[in-house]
Each structure stands twice: as structure tokens, then as C-alpha cells.
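Colleague: Could you take me through this chain step by step, beginning with a single side chain and ending with the overall form?

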Amino acid sequence: MKLQLGDGKETMVKFKDYGFFVPKELVGKEVIVNGLAFVEEMNVKDQRHYARDAGKSDEEIAAIINVETKYAFEADGVLIKE
């Protein structure tokens, strides 16, 4: 699940131990998540590896030159507001 953080940023929410999932129909709805938030940095080598696996062109892969900062969240609970 991805959540918008504002300022064009988003976080990828993973569910602890894959113990639960949420319906895809949540798009645009407000949720409250409980868990652990953290910042991850992905080095250029790993980004290029994932880009290659995704079938990106050599030019697109070569254009990856900076460490990427990502916001992540491991949720142990999600409340869907009605």
C-alpha cells in the first residue's frame, strides 16, 4: 500500500509478517496506520540493478547517479476511516 505524505512524497507501507492485507478499493480514502516508520537509502548500484530487472534501457540505467531516499512503513495495524 502506498500513502501520500504531502509535498509530492509518498511512503510504501508493508504489512508486518504479511499478517494482513487491505482492499484495493481504499484509493482516495483516509486510513490510520500503526507501526514503525523509517527512512531507507538505496545506493546507485542497487537502483541500477532493479532498473535492469525492470527492463529499463541502458540510457535510463546510466542516468541513475544519486542515492535515492525512500520513506517506508511497516504496519502492524490499519484502521480504515468511514
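Colleague: Which backbone oxygen does the side chain of Gln47 reach?

Modeller: This is a predicted model, so the answer describes computed coordinates. Gln47 lies in helix α1, which covers residues 44-53, and, leaving aside residues up to four places away in sequence, Gln47 touches Ile64, Asn66, Val67 and Glu68 as well as Met42. At 2.9 Å from the side chain of Gln47 is the backbone oxygen of Met42.

Colleague: Is Gln47 buried or exposed, and what is its relative accessible area?

Modeller: A residue counts as buried when its relative accessible area is under 20%. Gln47 falls under that cut-off and is therefore buried, its relative accessible area being 11%.

Colleague: What is the order of the strands in the open sheet?

Modeller: The chain has four strands together with two helices, and along the sequence these follow the pattern β-β-β-α-α-β. The sheet, which is open and has mixed pairing, holds four strands in the order β1-β2-β4-β3.

Colleague: Which strands stand at the edges of that sheet?

Modeller: In the order β1-β2-β4-β3, each edge strand has a single partner, so one side of it is left without a neighbour in the sheet. From one strand to the next the twist averages 35 degrees. The strands at the edges are β1 (2-6) and β3 (31-42).

Colleague: In which sense do β1 and β2 pair, and which residue in their turn has a positive phi?

Modeller: Four bridges join β1 and β2 in the antiparallel sense; Gly6 has Lys9 of β2 as its bridge partner, and Leu3 stands opposite Thr11 in β2. The two strands form a hairpin with two residues between them, and the turn residue with a positive phi, of about 55 degrees, is Asp7.

Colleague: How many bridges join β2 to β4?

Modeller: Here the strands run parallel, with Thr11 finding its bridge partner in Tyr71 of β4 and Met12 standing opposite Ala72 in β4. The number of bridges joining β2 to β4 is five.

Colleague: Which elements give two or more residues to the largest nonpolar core?

Modeller: That core has seven residues, namely Leu3, Val13, Phe15, Leu26, Val31, Phe73 and Ala75. Ala75 touches two of the other members, Val13 and Phe15, and its contacts beyond four places in sequence also include Lys14, Lys16, Phe20, Asn34 and Gly35. The elements that give two or more residues to the core are β2 (9-15) and β4 (68-80).

Colleague: What share of the contacts with a separation of 6 or more is made by residues 24 or more positions apart?

Modeller: One example of a contact between residues far along the sequence is that of Ala75 with Val13. In the chain, the share of such contacts between residues 24 or more positions apart is 71%.

Colleague: What is the radius of gyration of the chain, and what does the globule rule give for 82 residues?

Modeller: Taken along the principal axes, the C-alpha atoms fill a box of roughly 45 × 25 × 25 Å, and 16% of the 82 residues count as buried. The chain is more spread out than a compact globule, because its radius of gyration is well over the value from the globule rule: 15 Å against 12 Å.

Conventions
Residues numbered from 1 in each chain as written. Predicted model: local features only at pLDDT ≥ 70, side-chain atom pairs only at ≥ 80, totals over all residues. Heavy atoms only, no water. Core = buried A, V, L, I, M, F, W, Y, C linked by side-chain atoms within 4.5 Å. Buried < 20%, exposed > 50% of the residue type's maximum accessible area, 1.4 Å probe, protein only. Contact = heavy atoms within 4.5 Å. Polar contact = N/O pair within 3.5 Å; in protein donor to acceptor, adjacent residues only side chain to side chain. Pairing = 2+ DSSP bridges. Axes fitted to C-alpha atoms, helices over the stretch in contact; angles between N-to-C directions. Rg over C-alpha atoms; globule rule 2.2 N^0.38 Å.
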